[in-house]
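Me: I should like to learn how to read a protein model feature by feature. Could we begin with the overall arrangement and then proceed to particular residues?

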Amino acid sequence: MGSRPVSDDGVYLNEAVQIAAKILVVGHFAVGKTTFIGTMSEIPPLRTEERMTQAGAHVDDLMGTRGKTTTTVAMDFGRLTLSERLVLYLFGTPGQERFVQVWEDMTRGALGALILVDPERIKESFPVIDLVEHYGLPYAISVNHFDGTPVRPDEELREALDLLPETPIVTCDARDEKSSANALMALVRYLQERTR
């Protein structure tokens, strides 16, 4: 029998070392980030949501956000094991501009970002894309289709968002595990291609 690697305290080490990858799930206010992480996380997700109050009504534009009563005030967190070797740690950022200072800390150590976009509120995605690019994170776009929203061609969305040709763009429903997983995988594949 060959010798197996042993740590200083005499415990056998697993030769298949697990890699943890930090991924940000970002987007404008009320685009579905908390829902997305809740759908994908294999553990009960950490949520820092608070009830929205009348005091914030003049700050948070609720137009087009049917039934929105809570908002993320710090972050969401979830975990997803993709294989024996790869685990994704998903960090959801608050979507409002007043929480931008939180971003700097959250981007540290992140490999990339999945930007959720509401096809009915494209312009609200511009500041988010600008922030992700400012911090130098590679990203993929996931268009979150809500009930009754029209499906727009990828090329139309790519032009509207002024994306580079290599930037992945996929559609998902943040409530649906399969389509959300496809969106995450598009980002993971893109990150892998960039490291080759």
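The dialogue below goes from the overall fold to its cores, a buried lysine, a loop and the salt bridges.

Reply: One point comes before the rest: this is a predicted model. A reading then starts with the inventory of secondary structure, which here comes to 5 helices and 7 strands.

Me: In which pattern do they follow one another along the sequence?

Reply: The order is β-α-β-β-β-α-β-α-β-α-β-α. Order along the chain is one matter and contact in space another. Among contacts with a separation of 6 or more, 72% join residues 24 or more positions apart. As for burial, 43% of the 196 residues count as buried.

Me: Which members of the largest nonpolar core touch the most other members?

Reply: One looks for the residues with the most partners inside the core. In this core of 23 residues they are L24, V26, I115, V132, Y139 and I141. The contributing elements come next: β1 (19-27), β5 (110-117) and β6 (139-144) among the strands, and α2 (100-107), α3 (126-134) and α4 (154-161) among the helices, each supply at least two residues.

Me: What does Y139 touch, leaving out residues up to four places away in sequence?

Reply: Its partners are A113, I115, I129, V132, E133, L163, T167, P168, L187 and Y190. Apart from the largest core lies another, of 21 residues, and L187 is among its members, as are V25, L88 and A183.

Me: How should the setting of a single strand be judged, for example why is β4 described as largely enclosed?

Reply: One counts its buried residues. In β4, 6 of the 7 residues are buried, and therefore the strand is largely enclosed by the rest of the structure. Its pairing is then examined: β4 runs parallel to β1 over 7 bridges, and L88 of β4 stands opposite A21. In a regular strand, side chains alternate between the two faces of the sheet.

Me: Does the same count serve for a helix, and which residues of α1 are buried?

Reply: The count serves equally well. The buried residues of α1 are K33, T34, F36, I37, T39 and M40. Because 6 of the 8 residues are buried, α1 is largely enclosed by the rest of the structure.

Me: K33 is a charged residue in that list. What is the nearest side chain of opposite charge, and how far away is it?

Reply: For a buried charge, one looks for an opposite charge and then for polar partners. K33, which lies in α1 (residues 33-40), has no salt bridge, and the nearest side chain of opposite charge is D76, 7.0 Å away. The K33 side chain does reach backbone oxygens: that of H28 at 2.8 Å and that of G27 at 3.2 Å.

Me: Where does L82 lie, and with which residues is it in contact beyond its neighbours in sequence?

Reply: L82 is found in the loop between β3 (70-81) and β4 (86-92). With a relative accessibility of 32%, it counts as partly exposed. Beyond neighbours within four places, L82 is in contact with L88, M185 and V188. M185 is 103 residues away from L82 along the chain, yet their C-alpha atoms are separated by 9.3 Å.

Me: How many salt bridges does a search of the whole structure find, and how does one read an individual pair?

Reply: The search finds 9. For each pair, one considers the distance, the elements involved and the burial of both partners. E42 and R79 meet at 2.8 Å, N to O. Since E42 lies in the loop between α1 and β2 (46-51) and R79 in strand β3, the pair ties together parts that are 37 residues apart in sequence. E42 is partly exposed at 39% relative accessibility, and R79 is partly exposed at 30%.

Me: Are D118 and R121 buried or exposed?

Reply: D118, at 3% relative accessibility, is buried, and R121, at 8%, is buried as well. Their side chains form a salt bridge at 3.0 Å, N to O.

Me: What should be noted when both partners lie in one helix?

Reply: The spacing should be noted. An α-helix has 3.6 residues a turn, so residues three or four places apart point the same way. R158 and E155 lie in α4, 3 residues apart, and form a salt bridge at 3.8 Å, N to O. R158 is buried at 13%, whereas E155 is exposed at 56%. Salt bridges may also join into networks, as with E104, D105 and R108.

Methods:
Residues are numbered from 1 along each chain as its sequence is written. This is a predicted model: local features need pLDDT of at least 70, side-chain atom pairs count only at pLDDT 80 or more; totals for chains, interfaces and linings use all residues. Side-chain values use heavy atoms; hydrogens and water are left out. A nonpolar core is a set of buried Ala, Val, Leu, Ile, Met, Phe, Trp, Tyr and Cys residues joined through side-chain atoms within 4.5 Å. Buried means under 20% relative accessible area, exposed over 50%, partly exposed in between (1.4 Å probe, protein chains only). Helices (H or I, at least four residues) and strands (E, at least two) are DSSP runs, numbered from the N terminus. Contact means heavy atoms within 4.5 Å. Lys and Arg count as positive and Asp and Glu as negative; His and the chain ends are not counted. A salt bridge is a side-chain nitrogen of Lys or Arg within 4 Å of a carboxyl oxygen of Asp or Glu. A polar contact is a pair of N or O atoms within 3.5 Å; within protein, one must be able to donate a hydrogen and the other to accept it, and residues adjacent in sequence count only if both atoms are side-chain atoms. Two strands pair if DSSP finds at least two bridges between them.
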